[in-house]
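Visitor: I would like a close look at one part of this model, the place where the ligands are held. Could you take me through the surroundings of each ligand in turn, slowly enough for a beginner to follow?

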Amino acid sequence: MKIAVMGYGTIGSGVVEVIRRNSLKLEKKAGEEIEVKYVLDLRDFPGDPMEECIVHDYKTIVNDDEVKVVVETMGGVEPAYTFVKEMLEAKKHVTTSNKALVAAKGAELLEIAKANNVNFQFEASVGGGIPIIRNINSCLTADILEEITGILNGTTNYMLTKMANEGADFDEVLKDAQEKGYAEKDPTADIEGYDPCRKIAILTSIVSGKTVDFEDIHCEGITGISADDFKYAKKLNRSIKLLASSRQIGSNYVAMVAPYMLDSNHPLYSVNDVFNAVFVRGNVLGDAMFYGSGAGSLPTASAVVADVVEMTKNKDKHLEIEWSGEKLQLLDYKNTESRFFVRTDKSLEDVRKVFGNVEIVDGVIPNEIGFITSHTKESEFEEKAEKLGIINRIRIN
Ligand SMILES: NC(=O)C1=CN([C@@H]2O[C@H](COP(=O)(O)OP(=O)(O)OC[C@H]3O[C@@H](n4cnc5c(N)ncnc54)[C@H](OP(=O)(O)O)[C@@H]3O)[C@@H](O)[C@H]2O)C=CC1
Ligand SMILES: N[C@@H](CC=O)C(=O)O
């Protein structure tokens with residue numbers, strides 16, 4: 001099987017390396033040798049073993065009938081969308097690690113793939129190297145998935161872990177994550193939560209079979225988390241994690257991305273560093289969790305190459321992924337309930353006047369108090385927080 005890789009950066013170069021390193025195993029599994037014929041990139045790579053394969057015009061790949069499988073690891077919606085669409089229309093299978101593309105155009109690209117009797121797969125777009133899309137689509141097919149809660153961003157989990165354990169500075173640890181190849185080209189997508197937001201939109205879309213617009217999901221990142229919040233977390237023996245969650249309520253869904261303070265009984269409490277984990281609750285399976293490297297060159301490439309093998313084995317067959325373009329209307333998160341950990345510089349009397357009976361956490365930071373609310377409707381909490389005046393709040397499990 002001759003394949004092409006579009007985008008020779010962190011993940012694209014990882015794909016080439018995985019194919020080189022595990023060639024014999026891959027040949028056995030795919031039923032034929034997998035050979036990279038072209039690498040599309042903006043740059044030349046003088047001295048690189050793939051130097052001779054580098055091309056700059058994607059039409060070279062579109063027009064080569066020998067290439068049947070294409071890997072897209074450029075990132076962003078355009079020009080990735082245009083390139084991928086044309087590859088599918090030229091009857092080439094495509095796999096991508098690009099969640100921005102999948103979240104924005106997933107249903108449409110699946111439809112184009114179906115019309116051309118090829119496949120569009122995107123295992124690496126959620127959870128890096130963790131097999132989750134295929135598991136949801138096949139192994140968990142007997143279940144109605146009532147809840148998915150995940151740590152779906154390696155960069156922020158790496159940062160939160162370093163900040164908690166080493167008291168590391170936000171900017172310094174972000175730079176470290178960028179150097180390790182975990183962060184997006186524009187890391188705003190990681191730290192503001194847009195990246196896990198796209199990922200939970202993709203998971204909710206494949207679970208519901210309809211399209212979830214990630215912009216409809218309430219999204220909070222980690223930029224509001226400070227060293228003082230970690231001091232409270234330590235006192236409470238809790239970890240701070242950026243969770244992306246989606247729950248089915250009747251025939252509707254509610255989804256959210258936000259930092260949480262988790263107690264040690266929570267299954268995601270000790271998922272640290274660049275690791276991701278996806279907790280699912282099925283109506284017949286009960287609870288299950290998938291854990292592994294959520295970002296990085298080789299772990300992510302592992303998931304991409306697994307798609308390449310699957311598509312090579314099924315090169316004459318379209319494998320159905322149920323995800324239509326019909327929009328899924330999400331429930332308003334403001335009508336759901338949460339418990340909150342809150343910091344304020346107001347008096348205990350004022351706190352009790354507004355929030356009633358709360359659990360006090362004091363003696364952590366001078367001239368302020370921390371407290372934990374009972375389960376409160378999100379909209380009600382916002383009103384009370386506004387009335388009291390708070391320094392910060394983090395949801396708590
Ligand atoms: N890094 C990670 O751990 C993970 C990343 N992903 C996703 O995988 C995708 C790739 O990420 P990553 O490898 O980190 O990104 P990189 O920026 O490291 O690599 C992207 C490569 O594509 C090239 N490129 C960009 N635009 C074009 C174009 N128009 N034509 C040809 N080549 C182009 C870039 O060239 P240049 O550098 O010159 O711009 C670069 O070499 C993204 O969608 C990302 O979200 C998914 C899971 C994990
Ligand atoms: N920037 C992303 C890369 C993988 O999807 C992350 O940190 O998780």
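Guide: What follows goes through the surroundings of one ligand and then the other.

Please keep in mind from the start that this is a predicted model, and that the distances and areas below are computed from it.

Let us begin with ligand 1, which sits in the largest pocket. There are 24 residues around ligand 1, and those that come nearest are Asp-41, Ser-97, Lys-99, Glu-184 and Gly-296. If you sort the shell around ligand 1 by the character of its residues, you find nine that are nonpolar, ten that are polar and five that are charged. The shell is also shared between two parts of the protein, since domain 1 (2-128 + 297-313) and domain 2 (133-293) each supply at least three residues to the surroundings of ligand 1.

Some of these neighbours can be followed down to single atoms. For Gly-296, a polar backbone atom is 2.7 Å from an oxygen atom of ligand 1, and for Thr-10 a backbone N or O atom lies 3.0 Å from an oxygen atom of this ligand. With Lys-99 the side chain is involved, where a polar atom lies 3.1 Å from an oxygen atom of ligand 1. As for how much of ligand 1 is covered, the ligand taken alone exposes 890 Å², and the protein buries 84% of that.

Now turn to ligand 2, which also sits in the largest pocket. Among the residues around ligand 2 are Lys-99 and Glu-184, together with Asn-153, Gly-154, Asp-190 and Gly-294. You have already met Lys-99 and Glu-184, because both are also listed with those that come nearest to ligand 1. The shell around ligand 2 divides into three nonpolar, four polar and five charged residues.

Here, too, we can go down to the atoms. An N or O atom in the side chain of Thr-155 is 2.6 Å from an oxygen atom of ligand 2, while Tyr-182 takes part through its backbone, with a polar atom there 2.7 Å from a nitrogen atom of the ligand. In Lys-199, a polar side-chain atom lies 2.7 Å from an oxygen atom of ligand 2. On its own, ligand 2 has 250 Å² of accessible area, of which the protein covers 93%. Finally, if you wish to find this shell along the fold, look at α7 (154-166) and α10 (194-208), the elements that give two or more residues to the surroundings of ligand 2.

Key. Residues numbered from 1 in each chain as written. Chains lettered and ligands numbered in written order. Predicted model: local features only at pLDDT ≥ 70, side-chain atom pairs only at ≥ 80, totals over all residues. Heavy atoms only, no water. Near = heavy atom within 4 Å. Polar contact = N/O pair within 3.5 Å; in protein donor to acceptor, adjacent residues only side chain to side chain. Areas by Shrake-Rupley, 256 points an atom, 1.4 Å probe, with all protein chains shown as cover. 1 Å grid on protein atoms, 1.4 Å probe; cavity = no way out; pocket = protein on both sides within 12 Å on 5 of 7 lines; lining within 4 Å. Sits in = over half its atoms within 2 Å of the grid points. Nonpolar A, V, L, I, M, F, W, Y, C, P; charged D, E, K, R; others polar. Domains from an automatic or database assignment. Helix = DSSP H or I, 4+ residues; strand = E, 2+ residues; numbered from the N terminus.
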